[in-house]
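Reader: I would like to learn how to read unusual backbone geometry in a model such as this one. Could we go through it feature by feature?

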Amino acid sequence: MFLQLFLYMLQLSWLTLAGEAASSPTLEGPFFKAKAGCETKCGNISIPYPFGIRRNGINVGCSFDGFVFDYSITCNTSFNPPKPFLDRGNVVVIDISETEIRIKNTPSSLCYNASGGLTLDQSVSWMNFSRTPFTVSYTKNMFFTIGCNVFSTLRGPDVKDYTSQCISTCDSKESVVNGTCTGNKGCCESTLPKGLKRFQIQVMRNSILSNQSITWSFDPCNYAFIGQQSQYTFQSSDVLDGYNFVSKGKDVPLVLDWAIGNKTCEEAQKDLSSFACQENSHCNNSNNNPGYLCTCNEGYNGNPYLSPGCQDMNECEDPNTNPCLEVCTNTIGSYICSCPKGSHGDGRKGGSGCVQDNQNAPVLQISLGVGLGFLFLILASSWLYLSMKKRNSIKLKEKHFQKNGGLLLKQQISSHENGVESSAKIFTAEELKLATRNYNEELVLGRGGHGIVYKGTLSDNRTVAIKKSTIVKESQIEEFINELVILTQVNHRNVVKILGCCLETEVPLIVYEYVSNGTLSDHIHSKNGVPSSSLSWESRLKIATETAGALSYLHSAATVPVIHRDIKTANILLDEHYTAKVADFGASRLNPLDLAEIDTIIQGTLGYLDPEYHQSGQLTGKSDVYSFGVVLVELLTGERVISLAREDERKNIALYFRSLIEENDIFKVLEARVAAEGKNEQVHAVCNLAKRCLNVKGDDRPTMKQVAMELESLLRVKLSSQVPNPYRHKQNHEEQSGIIPDPLDLYPVSLNSYTAGDSSLFSTDVTMSAGNVSP
C-alpha cells in the first residue's frame, strides 16, 4: 500500500513540474518594466517595478523603497526554469499584475489508512502577510473544504477576530457530484472578509458522526484551503482519488492584492519625496489593502511607478486598430480624427464618420431639414425615454417582488389554516435607506449566517433592527420568507417581534424591534482573553427559564408549531431589563400538520447541532431541546461550545460536561460566579436537566414544555439558607486575599455584534511564510 502511494506521489510530482513550465504564462505589456540596470524576469515570470529581484540574496535597490514594506523578489536559480519567491521567504510567485500577485498554495491535509491511522498529518496551515504590502483578495478567492464528514475552521485575527467554518458531508461514493460545493456532496465553499492579512486553516474529520471504516474506502483524505475561485472546479476524483489532490491542491493559486505603503492617496501626496506615482499618472486608494495604487492617465501607458512616468500612447500607430475612419493625428495624451478634403463628419469609426459634401444642395434646405430632424429626434427621444423609464420601473418592481419571494410569501400565508392576519407594515426602500443612512457600516449590529443586521431610526423616531440578506440565492429567499411567515404568527414576550418587511429592493429586508443589550453570548463569554462574569446565577436562571418558555410556546402553543433549528447563545438577545428574546428564525421550520418528524436538509451550528438529527436528517422538537441543553452548559460554565485553544478532551464543552456529570465532578468546570452564588440543589438540578437535554437519543430527552416547567419551579423555589455550599469558603478566601468579586449583578456591555465566535487567535513572528503544522 505504502509503495503504491509513494509511486503515485512520485508520478504526480513529475506531472506537476511539467505542468508548471506550461501553465505559468508570461505577462507582457508596457507596464512590465524593471528599474534601469535590474533584471526584468525570473525564469519566464516578469517582475515589474515596484517589485525587483535581489542579487545574491541582497536588496540592491531594484524594488520600491517605501520605508514601510519590502517589494523585493528572490530568484532561486537552482530550479529549471528559475522560480521567484516573495522577499526571502518560501512563498512561490506564479505571476504579478498591475493590482494582484498570484502565489502557490499550501492546503491543510489529512490522510488515513483503512484502520484509521494517519498517513499524512498536515491538518493546520497558515500564512502571515501582516508586515507586507499584500492582502488576501476577497473578490477572487474562496474558502474550500473537501471530503466526507469533515469540517474546517478559518481564523483571521486581524479582521475583528474573524472565524468561519465550512462543513462538508457525503453519505456514499455515489453522493459525490462534480462541480457542486454545497456542503453535502463532498465539497463546501464560503466567502472571505475584507482586509485578511494573516490566517490559519485547520481541517478535522468528524469522528463522532462518521463511520471511518466505511468512508475510507472512497474518501482517504480531507483538505481545506483558500484558492482562486475561477481556477478551481470541484471534481469527484478530488474525494474519490484523495491522494491525487495532495499535489493538485498546491497548484490552485492564491490571489493577493498589493498596494504601495499603508497611507491613502491624500496622505501620501503630502510627502512628494516618497510618493510613488510619477508623471502622467493618478493615484487610486486600494479597496482591500491599506495603501494606494498608481494608474496611467487616459491616453498614456507604461509603468506609472518608474521615472519619467507614463508615456504618450500613439493611438494612430496601427491603421487597423486606430479609432479613426480616415485621417488619424496623434497628439500628446490624445488623438484627432478628421475627414479628407471634400467630405465632412467627426471621422470616427463609431461616430458619424465622413460624408461626401454636396456642393449643389441649397444651404437653407439643408439647415431647415437638419433643424426639423433634430427637433423631431429630441421629441421622439424624450417620449421614448419617459415611456421606457416608466415601463422599466414597473418591471423592476415586479422583478424584485418575484425575486424576493413575494409570490412564495402569498402562497405560504394562504396555505396555513386558521392563519393569523399579519399587522406588519410594508416599508418602502427609501424609508429603510433613510433609516440606516444608506446602510452605513457604522450602524452594523452584526453579521450572521443569513444576513447583516443594521440599527435604524424610522421617521417616527422608533429605533429598529433591519436585517438585509447578504447574497441573493434561491435557498436564502426561502429562508427569508420562512422567517417572515413564522414571526408574523408568533406573539410572545420572549420572541423578537417583527414590525414589517420590504420586498421592492434587490435584496429582501425584515424590520424587527430593536433589542439593545446584545446577545447572551456577549455577556457570558470572555472577551480578548479577559473572563466575563457579568450575569449573576439568578439572572442566568431567569434567562434560561424565559428562553425555555419561548421555545415551549413555539413547539406547542403557537398557531402553527415551529422548530427553531438554530438555538444558540448568539441567537438569544437581551433587552435593557435583561429579558431574553429568541431571534434569527432563518433556519426554522413550520410543522403545520404537527408531524413527529420532518425530513429536511441539515442546518444548524457546529456544537449545537443535534447528533441524531445530523445522522438521520429527521427534524423533531427534541433537536431544539438538545441545542437548549448546550445553552444551559454555556450558562453554567461560561465556556464557548467549541474552542481549539482548549485541551483535546475539552474542545467540545457539552461532551466534556456530560462526562463530568457521570463522574460526579461537575464543579470542576462551573463558572466561578455560578459556583459561588448558586444553591447546591439549584445548580445540581440545572446540571442534571442539561444532561437529560444532551442525551444522544431524542426519545430520552424531555420536551421543551417539561424543561420550561422545571426551570420555572427552580426559579420560584427559595431554598433554605442553611444548605452548605462548598464554594462559599473559597469566595471568602478570595475576598481576604484581595480578589473581591464585583458586587454588581449586571455589567453594561459594549455591543458590537449580534454574533459571537471563538476568541482563540493564531499569530506568528515570521513576517511572510507558509507551512503546515500538526496539532
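**Backbone exceptions in a predicted model**

Author: Let us start with a proline: in this predicted model, Pro81 is found in the loop between β4 (72-76) and β5 (83-86).

Reader: What kind of peptide bond joins Asn80 and Pro81?

Author: As a general idea, most peptide bonds are trans, and most residues other than glycine have a negative phi. The bond joining Asn80 and Pro81 is cis, with an omega of about 0°.

Reader: Where does Pro308 lie, and what is the omega of the peptide bond from Ser307 to Pro308?

Author: Pro308 lies in the loop between β21 (300-301) and β22 (311-312), and the peptide bond that leads from Ser307 to Pro308 is cis, its omega being near 10°.

Reader: Turning to phi, what is its value at Asn56, and where is the place of Asn56?

Author: The general expectation is a negative phi for most residues other than glycine. Asn56, although not a glycine, has a positive phi of about 55°, and its place is in the loop between β3 (52-53) and β4.

Reader: Does one call Asn56 buried or exposed, and why?

Author: Asn56 counts as exposed because its relative accessibility is 79%, and exposed means over 50%.

Reader: How should I read Asn664 in terms of its phi, its place and its accessibility?

Author: Phi of Asn664 is near 55°, a positive value in a residue that is not glycine. Asn664 sits in the loop between α14 (653-662) and α15 (672-677), and at 67% relative accessibility Asn664 counts as exposed.

Key:
Residues numbered from 1 in each chain as written. Predicted model: local features only at pLDDT ≥ 70, side-chain atom pairs only at ≥ 80, totals over all residues. Heavy atoms only, no water. Helix = DSSP H or I, 4+ residues; strand = E, 2+ residues; numbered from the N terminus. Buried < 20%, exposed > 50% of the residue type's maximum accessible area, 1.4 Å probe, protein only.
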